[in-house]
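Below are some notes on the structure you asked me to look over, set out as numbered points. They begin with the overall make-up and then turn to the packing.

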Amino acid sequence: VRLQVQNVEKPLYRGTFHCFQSIIKQESAFGLYKGIGSPMMGLTFINAVVFGVQGNTLRALGKDTPLNQFLAGSAAGAIQCIICCPMELAKTRMQLQGTGEYKQKTKNYKNSLDCLIKIYRKEGLRGINRGMVSTVIRETPSFGFYFLTYDCMTRYLGCEAEDSYVIPKLLFSGGMSGIVSWLSTYPVDVIKSRLQADGVGGVTQYKGILDCVRKSYQEEGWKVFTRGLTSTLLRAFPVNAATFATVTVFLMYMRSENDLRECDPGPVIQQPSSL
């Protein structure tokens, strides 16, 4: 988030690793976990929504085809935005608090919950849903590519319950799914972060999504839409590898061997989503 929204005229960070070094130097290692409370609060609910929507949508579509995998994942991604958007708003505000142009003597928010409460009191439901449209635009195709990539990878690698190498295959499939999904919609994530951070310092820069896209491009060129991509991909592979493998192995354990000839696709949590 810090790389995505930093002022181009007075940049604080030269890149991903410089950002890591600066945060640790200025805020200690705990600075890297700023805003973690928000994802932890919403993780359970997002899991429940994604599991239910993706599974029920796939069953409703009837056949387990690549297209249906994409559609079921997209449906899950769109609906979970109800929880994801406020959660990421709180995370963004918490991560920016006390840094750079947002640096103040006193902190506005004690924690993620306090952040959402104060935003709601000041701006109402519209305030805590800031960036909802851009979140939906990002999450809908992103989750579709998550499930589609995982399904294709596990089928291509021949994942079977009795395969002695099934865990490494699941880890690789999950990691690649995370990377593909982020690459598919990352520019939208940059816009979403900028919209959610807009107004924190008391000055509102953007009127909406298109205005944000136009001004960002005019000021910084096309590279602005890839800012922070390296750190996102570094996180995406291990997080989604662990998530996919855990979910699939759990399903293998819970289901009978007759029902699991191949690795059934499991839901993914984002960063982005999400994680």
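1. Read from the N terminus, the elements of the protein chain run α-α-α-α-α-α-α-α-α-α, which amounts to ten helices and zero strands. Please keep in mind throughout that this is a predicted model. Of the 275 residues in the protein chain, 47% count as buried.

2. The largest nonpolar core is made up of 21 residues, and those with the most contacts inside it are Val-50, Tyr-146 and Leu-170. At least two residues of this core come from each of helix 3 (37-61), helix 5 (81-96), helix 7 (132-157), helix 8 (166-197) and helix 10 (229-254). Apart from this core lies another one, of eight residues, and among them are Leu-89, Ala-90, Tyr-109 and Ile-119. As a general remark, nonpolar side chains in soluble globular proteins tend to be buried together.

3. How do helix 8 and helix 10 lie, parallel or oblique to each other? Their axes come within 7 Å and cross at roughly 135°; because angles over 145 degrees would be needed for roughly antiparallel and 65 to 115 for roughly perpendicular, helix 8 and helix 10 are oblique to each other. The crossing of helix 8 and helix 10 is right-handed, and, sorted by class, the contact between these helices has 20 nonpolar, seven polar and one charged residues.

4. A search of the whole structure finds four aromatic pairs. One of them is formed by Phe-70 and Phe-145, whose rings are 5.2 Å apart from centre to centre, with 75° between the planes, an edge-to-face arrangement. Since Phe-70 lies in helix 4 (residues 66-79) and Phe-145 in helix 7, the pair ties together parts that are 75 residues apart in sequence.

5. Are the two rings of that pair buried or partly exposed? Phe-70 has a relative accessible area of 22% and is therefore partly exposed, because the limit for a buried residue is under 20%. Phe-145, at 29% relative accessibility, also counts as partly exposed.

6. A last position to look at is Val-53, which has its place in helix 3. With a relative accessible area of 17%, Val-53 falls under the 20% limit and is therefore buried. The C-alpha atom of Val-53 is separated by 8.0 Å from that of Ile-79, although these two residues are 26 residues apart along the chain.

Note on methods
Residues numbered from 1 in each chain as written. Predicted model: local features only at pLDDT ≥ 70, side-chain atom pairs only at ≥ 80, totals over all residues. Heavy atoms only, no water. Core = buried A, V, L, I, M, F, W, Y, C linked by side-chain atoms within 4.5 Å. Buried < 20%, exposed > 50% of the residue type's maximum accessible area, 1.4 Å probe, protein only. Helix = DSSP H or I, 4+ residues; strand = E, 2+ residues; numbered from the N terminus. Axes fitted to C-alpha atoms, helices over the stretch in contact; angles between N-to-C directions. Parallel < 35°, antiparallel > 145°, perpendicular 65-115°, else oblique. Left-handed = near helix turned anticlockwise from the far one by under 90°. Nonpolar A, V, L, I, M, F, W, Y, C, P; charged D, E, K, R; others polar. Phe/Tyr/Trp six-rings, centres within 6.5 Å; stacked < 30°, edge-to-face > 60°.
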